[in-house]
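Open the model in your viewer and keep the sequence panel visible. The tour goes from one selection to the next and says what is there.

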Amino acid sequence: MIPRFRFWSSKDELLSLIQPAWKDYIRVFEAKIAKKFNARYGISFPYGRVAQWSFLKAMGIMNTEIIMPAYTCSVVAHSISLSNNIPVFVDIDLDTYNINLESLKKNINKNTSVIIITNTFGNPADALKIKKIVNKAEQNFKTKIWIVQDCCHSFGASYAGRLVSDFGDVSIYGFNISKLITSIFGGVLTTNNRFVEKKIRKWRDKNLKKSSLSKILSRRLYFFFAIIAFSRLFYKYTFWLTHKTSFLNKYTKSFHLDEKIHFPKDYDQHMANIEAKIGIIQLNKYDKIIDERRRQAKNYVKAFQFEKKIQICGSIAGATYSHFPARVSDKKAFIEGLRKEGVEIGEVLQYSIPHLPCYANLGYNCKNAKYASKHTINLPLGPHIDTLKIIKKINKYLLKV
Ligand SMILES: *Cc1c(COP(=O)(O)O)cnc(C)c1O
């Protein structure tokens, strides 16, 4: 079974898991992430969502409206709600999956404090136009409107030759195992603003606790089993356990529940040292990882750019391909058909956030987001994933439908 994704791991990560982590790797990881993505400061957090939430708390942003795309990870909305702000959902463009600029303009008002830009699936949003819209609104309403670059899908993606993170006040990175590089879990916020850095770091150190021993052990165990579960030898059993039983379901659900506004139990504990150590090892491979993903994505683009039965974004300059999205008319049949061919197809975002039960009362109708949630699948990317073989299998399936 070809997995829907696989993270890059080698014996270095495995060795780290069985060794104690004596040195303070967290400061090193923060500095390295900042340097790599062209920022002055990096601050670590237990999760990407906690980085975003802490930014709002530390800056005293509450009872305001925060604009975000309707089609992104639900945790973005959850961290807004949990900071006592109101999410404002803006529909997306289907050709890039990024925020629609016309609706963005319409949704800014005097209560808007923050705009969260997700560079969805690694596709860079039009940062220059967004900056212009925001600057104009700031003048109109005489307020500061923060731009948060949600880089969880788009580490190192660039727009007009500059990193997307250059266009925001702060940038958020998340490192769970499905991201471009991993630190087991964990997140980092980067910024160039010294005042903001000081304030957020101080708030974090006052409000987050040291990692408990049980968290540290469970992170090590989790990653150890994840490496095994996604290995070429074992993945068929992992697939069976995930799809035919509810054995793994209970475990993954504790970190991620789309339908409920909540954070994981250990949201108030710092990133663990072992997570930072793994993150540093992964960051060293970053350039290689992105090159390989771009090569894999190119194969998909070449194969499907003129195919009517599967709609893709085409090649987008500066994209880093956290995922490779495609739309098909019957998602369920496609996933089932490819499974029979030995390929697992991903469904990273199965929902439009304003249509989730916990946000339905806000009454948004973002029709592109809803359409995307119904038709979008993600083609496998990752180490030892043979995209040419996958393309053959997809073509074989498409001939039949
Ligand atoms: C993964 C992700 C996050 C943060 O996720 P955490 O699990 O909290 O680290 C935020 N936004 C997007 C778009 C993501 O994909």
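Is isoleucine 390 buried or exposed? Select isoleucine 390 and show the surface: its relative accessibility is 0%, so it counts as buried. This is a predicted model, and what follows is computed from it.

**Isoleucine 390**

Isoleucine 390 belongs to helix 15, which covers residues 387-400. Show its contacts, setting aside residues up to four places away in sequence: isoleucine 390 touches Ile2, Tyr300, Val343, Pro380 and Ile385. Then draw a distance from its C-alpha to that of glutamine 350; the two are 40 residues apart along the chain and separated by 22 Å.

**The whole chain**

Zoom out and colour by secondary structure. The protein has 15 helices and twelve strands. Its radius of gyration is 20 Å, close to the 21 Å that the globule rule gives for 401 residues, so the protein is as compact as a globular protein of that length. Along the principal axes, the C-alpha atoms fill a box of roughly 60 × 50 × 40 Å.

Now colour by accessibility. Of the 401 residues, 58% are buried. The accessible surface comes to about 18600 Å², and carbon and sulfur atoms hold 55% of that area. A contact map would show how the chain is tied together: among contacts with a separation of 6 or more, 75% are between residues 24 or more positions apart.

Colour by charge next. There are 64 positive and 31 negative charges, and the mean positions of the two sets are 2 Å apart.

**Isoleucine 377**

Select strand 12, residues 376-379, and pick out isoleucine 377 within it. Isoleucine 377 counts as buried, at 0% relative accessibility. Which residues does isoleucine 377 touch, not counting those up to four places away in sequence? They are Phe324, Pro325, Ala326, Val328, Lys331, Phe334, Ile335, Ile345 and Gly346. One of them, isoleucine 335, can be checked with a distance: its C-alpha is 8.2 Å from that of isoleucine 377, across 42 residues of sequence.

**Threonine 120 and phenylalanine 121**

Move to the loop between strand 4 (112-118) and helix 6 (127-141), where threonine 120 is placed. Threonine 120 has a relative accessible area of 1%, so it is buried, the cut-off being under 20%. Beyond four places in sequence, threonine 120 touches Tyr71, Thr96, Tyr97, Asn98, His153 and Leu349.

Phenylalanine 121 is in the loop between strand 4 and helix 6. At 1% relative accessibility, phenylalanine 121 counts as buried. Check its backbone as well: phi is positive, about 60 degrees, although phenylalanine 121 is not a glycine.

**Asparagine 38**

Another positive phi is found at asparagine 38, about 65 degrees, and this residue is not a glycine. Select the loop between helix 2 (25-36) and strand 1 (41-45) to find asparagine 38. With a relative accessible area of 46%, asparagine 38 is partly exposed.

**Aspartate 266**

Go to the loop between helix 10 (249-253) and helix 11 (273-284), and select aspartate 266. Its relative accessibility is 14%, so aspartate 266 counts as buried. Where does the chain come into contact with aspartate 266, leaving aside neighbours within four places in sequence? The contacts are with Pro46, Tyr47, Lys215 and Arg219. For lysine 215, draw the C-alpha distance to aspartate 266: the separation is 7.8 Å, and the two are 51 residues apart along the chain.

**The cysteines**

Finish by showing cysteine sulfur atoms. How many disulfides does a search of the whole structure find? The search finds zero. Cysteine 152 is in no disulfide, and the nearest cysteine sulfur, that of cysteine 151, is 7.7 Å away. Cysteine 152 has a relative accessibility of 12% and counts as buried.

Then select cysteine 313. Why is cysteine 313 without a bond to cysteine 151? The sulfur of cysteine 151 is the closest cysteine sulfur, but at 18 Å it is too far for a bond. Cysteine 313 is partly exposed, with a relative accessible area of 21%.

Terms used: Residues are numbered from 1 along each chain as its sequence is written. This is a predicted model: local features need pLDDT of at least 70, side-chain atom pairs count only at pLDDT 80 or more; totals for chains, interfaces and linings use all residues. Side-chain values use heavy atoms; hydrogens and water are left out. Helices (H or I, at least four residues) and strands (E, at least two) are DSSP runs, numbered from the N terminus. The radius of gyration is taken over C-alpha atoms; the globule rule is 2.2 Å times the number of residues to the power 0.38. Buried means under 20% relative accessible area, exposed over 50%, partly exposed in between (1.4 Å probe, protein chains only). Contact means heavy atoms within 4.5 Å. Accessible areas come from the Shrake-Rupley method with a 1.4 Å probe; for residues, only the protein chains shown count as cover. Lys and Arg count as positive and Asp and Glu as negative; His and the chain ends are not counted. The place of a charge is taken as NZ of Lys, CZ of Arg, CG of Asp or CD of Glu. A disulfide is a pair of cysteine sulfur atoms within 2.5 Å.
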